Every structure is written in structure tokens, then in C-alpha cells.
Amino acid sequence: MWVAEWNEVVFTDESRICLQHQDGRIRVWRHRGERMLNSCVMHGNIGPAPSIVVWGGIGYHSRTPLVRITGTLNSQRYISEVLEFVVLPYLPGLATAIFQ
């Protein structure tokens, strides 16, 4: 029943992918009553881990190219490198698309 509406929606997102097992964060897995026990803490390397950030969009029957984001993505770079370079050429193929 919703197929006609979902055909028009384009979802986008960006994701950071860590290239090492350790990304510098400390993870805690605990059961009830084990709060903050040293045995539940896994210490990792402190500092930035190598990673990449990618951006992409999907529609009901199509997808955008995957864009690798280098450095810090601010609003001006998002407009020039993602919206103008990828999204604007992609949307005309979807006559009544709703960009999310």
C-alpha cells in the first residue's frame, strides 16, 4: 500500500569506518550488578585510529555513488562536494523525489 510513496524517497547518510580493530574507545559489557568492575572494561589504545568517512544515498530503485569524505566536512564542503556534485545530478532521474 505504501509502495507508491516509498518510490519517491531518497535517504542519505554518512558513516565512519574504522580501519583497525581498536578505535581508542573503551567498551564496557556488564550484567546487572557489575557496574564499573575492572573485569568488564577493555582498555584500548588512546588516540585517533585510521578511518575513512563515506557518504551515500539510496532510493527505492537506485543509489548514488559512494563519496569518500576526507578531512572535516563543514556545510560549505557538503554543499559543493556532495549536494552539487552528487545529489543534483542524481535527482532529475527521479521526477518527484523527496530528498531526506
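# Close-up views around helix α2

**View 1. Buried residues of α2 pack against four strands.** In this predicted model, the buried residues of α2 pack against β1 (9-18), β4 (51-58), β5 (67-69) and β6 (98-99). Those buried residues are Arg77, Val82, Val86, Val87 and Tyr90. The helix itself covers residues 75-90.

**View 2. The largest nonpolar core has 6 residues.** Its members are Trp55, Val67, Ile69, Val82, Val86 and Val87. At least two core residues come from β5, and at least two from α2. The largest share belongs to α2, with 3 residues. Nonpolar side chains tend to be buried together in soluble globular proteins.

**View 3. Val87 and its contacts.** Leaving aside residues up to four places away in sequence, Val87 touches Trp55, Val82 and Phe99. Val87 is one of the buried residues of α2. Trp55 and Val82 also belong to the largest nonpolar core.

**View 4. Helix α2 bends at Leu83.** The bend is about 45 degrees. The helix has 16 residues, yet its end C-alpha atoms are only 20 Å apart. A straight helix would reach 22 Å at 1.5 Å a residue. Val82, a neighbour of the bend site in sequence, is buried.

**View 5. Asn74 caps the N-terminal end of α2.** A side-chain oxygen of Asn74 lies 3.2 Å from a backbone nitrogen. That nitrogen belongs to Gln76. Arg77, also in α2, is buried.

**View 6. Thr96 in the loop between α2 and β6.** Thr96 has a relative accessible area of 52%. The cut-off for exposed is over 50%, so Thr96 counts as exposed. In sequence, Thr96 and Glu8 are 88 residues apart. In space, their C-alpha atoms are 6.1 Å apart.

**View 7. The whole chain, for context.** The protein chain contains 2 helices and 6 strands. Along the sequence, these elements follow the pattern α-β-β-β-β-β-α-β. The chain has 100 residues, and 19% of them count as buried. About 8,000 Å² is exposed, with carbon and sulfur atoms supplying 59% of that area. Take the contacts between residues at least 6 apart in sequence: 59% of these join residues at least 24 apart.

Methods:
Residues are numbered from 1 along each chain as its sequence is written. This is a predicted model: local features need pLDDT of at least 70, side-chain atom pairs count only at pLDDT 80 or more; totals for chains, interfaces and linings use all residues. Side-chain values use heavy atoms; hydrogens and water are left out. Buried means under 20% relative accessible area, exposed over 50%, partly exposed in between (1.4 Å probe, protein chains only). Contact means heavy atoms within 4.5 Å. Accessible areas come from the Shrake-Rupley method with a 1.4 Å probe; for residues, only the protein chains shown count as cover. The expected span of a helix is 1.5 Å times one less than its number of residues. The bend at a residue is the angle between axes fitted to the seven residues ending there and the seven starting there. A polar contact is a pair of N or O atoms within 3.5 Å; within protein, one must be able to donate a hydrogen and the other to accept it, and residues adjacent in sequence count only if both atoms are side-chain atoms. A nonpolar core is a set of buried Ala, Val, Leu, Ile, Met, Phe, Trp, Tyr and Cys residues joined through side-chain atoms within 4.5 Å.
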